[in-house]
Amino acid sequence: KTPRAFMQQTNLVVSFLEQPTCWRLDAAPRSMRERCGAYRMFIAFWILGLLNNFLWVTMNAGANSINRAGIALVYLANVVPSLTMKLTGPYWFHWVSYRQRMCWMALLMVFSLGTVAWADSPYWKLLGVAFCSLACGMGEASILAMTSFYDAQVCLAAWSSGTGFSGIAGYLWSLTFDGLDICFQVQLMVALWIPVAWLFTFFVILGVPWIDKVRNQARQEDDEQSQDLRDASCHGRRWMATETLTMKERFQFILRLWPYTVPLFWVYASEYLIQSGFWAAMGFPVTDPVSRRHWYKWSNFTYQIGVFVSRSFFSLICRSRKILWLGGFLQVFFAVFFLAAALEPFGDWWLLVPALCVGLLGGGVYVGAFSLIAQEQPAAYVELALSSASVADTFGMIVASVLGVIVQGCIFGEMKVMDVTPDFTCGFDIWEQMNRSSFYSSGPVYAKYCFPGVKG
């Protein structure tokens, strides 16, 4: 872009900012008011939150079917690509429209479902999980940032509630297919409705955000004072700040978000270590694979209920950063609690109660952190702040998933779990010394209903 074109573009925005009155959404044409109506906006962001995390939860719920020897590897494949997307996104998202990103996400969802369903090798299946992670990471960072161009508090509440309910919906989806004795491949193929619903929600219910049109117009160096730029006049300073920051300035700004990102990291590192490590190695008794599978799914389902409740209402409670930090410390306490429960079994199904508390803390700190960012950060930087802060929870999940691989193997060795050899044996050689077929000679258990010629 030439200096002359940039100055023309800047002067045009400034001229609107200096006018005594400002075009706002309520002064826009009736068709725009209808599109951006409060109810429609809330519903759209709620559905986007549900759909963005639904497939991600489905992959975690089916981790036993993808790689039962190392559930934490599935978690790892489901978060590392997401972290890559969130780390790099703040430096290139403003060059790619929201419209294009939503289409990319839909394609990644289709690739993920097909690869996980039909790949023979567990490692190819993990590649399919990685496609899912890329889609969810791009979706979370993009839509959190997109809320800054609407009523941020309302949209964040809707998004957080939708993502919270996705956990319940995803595990209900998985438990329903298990109850009907239908294989994982069918479950994934039926889920092809998700990318279709995703595109419908974004393009039809919500509509493309105005910032896409403004940025596209700027890149075409169009000097005409269009209606879209008039709609952007109230937000001009925000847009200009986002566009003109250098890489170094973006990085320095992201580092200043540590009061929000550090408690997010601790909460997510603790809760995903609980899920991928401790809960994956628990059952009543732990040596029974069916009992472990039931505990894993029902504990995670209970956890998701807690996430939904807190993400829907915690923004009404969380009014300070102190509450965020308290939530982080409490989540570490629950991680220690479930470590003790896994190594020295002292409970049974009543442990679902503390599992619910883990979900309440995780969902509460999530929505609390992003709500405080939207309230406390300068309006010009809210888009960048919301998309950047989401990297903290993903960092926590990666650390937890790596530790989960180690923890699951160590607990399996300590508790003499012989039906499967973990990916990390933690120095135990019991799987080499003993003949596992003497314990479980019946082999793997397959679902009753599946595609013809497919065992799943």
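**Figure 1. Helix α9 and its surroundings in a predicted model.** In this predicted model, 20 of the 28 residues of α9 are buried, so the helix is largely enclosed by the rest of the structure. Helix α9 covers residues 152-179. How far apart should the ends of a helix with 28 residues be? At 1.5 Å a residue, α9 should span 40 Å, and its end C-alpha atoms are indeed 40 Å apart, so the two values agree. Look just after α9 as well: there, aspartate 181 takes a positive phi of about 60 degrees.

**Figure 2. Asparagine 52 and the residues around it.** Is asparagine 52 buried or exposed? Its relative accessibility is 1%, and because buried means under 20%, asparagine 52 counts as buried. You can find asparagine 52 in helix α3, which runs over residues 38-61. The side chains of asparagine 52 and asparagine 53 make a polar contact at 2.9 Å. Leaving aside neighbours within four places in sequence, asparagine 52 is also in contact with Met105, Ala135, Cys136, Gly139, Glu140, Trp159 and Trp198.

**Figure 3. The largest cavity.** Here is some empty space to explore. The structure holds four cavities of 30 Å³ or more, and the largest cavity contains about 290 Å³ of space. Which residues are the closest to its centre? They are Asn53, Trp56, Tyr268, Tyr272 and Arg311, out of 29 residues that line this cavity. Several helices give two or more residues to the lining, among them α3, α8 (122-146), α9 and α17 (289-313). By class, the lining of the largest cavity has 11 nonpolar, 13 polar and five charged residues.

**Figure 4. The second largest pocket.** This pocket has about 240 Å³ of space. Its lining is made up of 13 residues, and Leu87, Phe251, Ile254, Leu255 and Val391 lie nearest its centre. Two or more lining residues come from each of the elements α6, α15 (247-255), α16 and α21. Which element gives the most to this lining? That is α6, with four residues. In the lining of the second largest pocket, 10 residues are nonpolar, two are polar and one is charged.

**Figure 5. Helix α20, residue by residue.** Helix α20 runs over residues 382-389, and eight of its eight residues are buried, so α20 is largely enclosed by the rest of the structure. To follow the helix in the view, start at Val382 and pass through Glu383, Leu384, Ala385, Leu386, Ser387 and Ser388 to Ala389; each of these residues is buried.

**Figure 6. Valine 399 and valine 79.** Valine 399 has its place in helix α21. With a relative accessible area of 34%, valine 399 is partly exposed, because this class lies between the 20% limit for buried and the 50% limit for exposed. How far apart are the C-alpha atoms of valine 399 and valine 79? They are separated by 9.9 Å, although the two residues are 320 residues apart along the chain.

**Figure 7. The whole protein, for orientation.** To finish, step back from the close-ups. The protein has 22 helices and zero strands. Of its 456 residues, 55% count as buried. Among contacts between residues at least 6 apart in sequence, 80% join residues at least 24 apart.

Conventions. Residues numbered from 1 in each chain as written. Predicted model: local features only at pLDDT ≥ 70, side-chain atom pairs only at ≥ 80, totals over all residues. Heavy atoms only, no water. Expected span 1.5 Å × (residues − 1). Buried < 20%, exposed > 50% of the residue type's maximum accessible area, 1.4 Å probe, protein only. Polar contact = N/O pair within 3.5 Å; in protein donor to acceptor, adjacent residues only side chain to side chain. Contact = heavy atoms within 4.5 Å. 1 Å grid on protein atoms, 1.4 Å probe; cavity = no way out; pocket = protein on both sides within 12 Å on 5 of 7 lines; lining within 4 Å. Points joined across faces, edges and corners; volume = space filled by probe spheres on them. Nonpolar A, V, L, I, M, F, W, Y, C, P; charged D, E, K, R; others polar.
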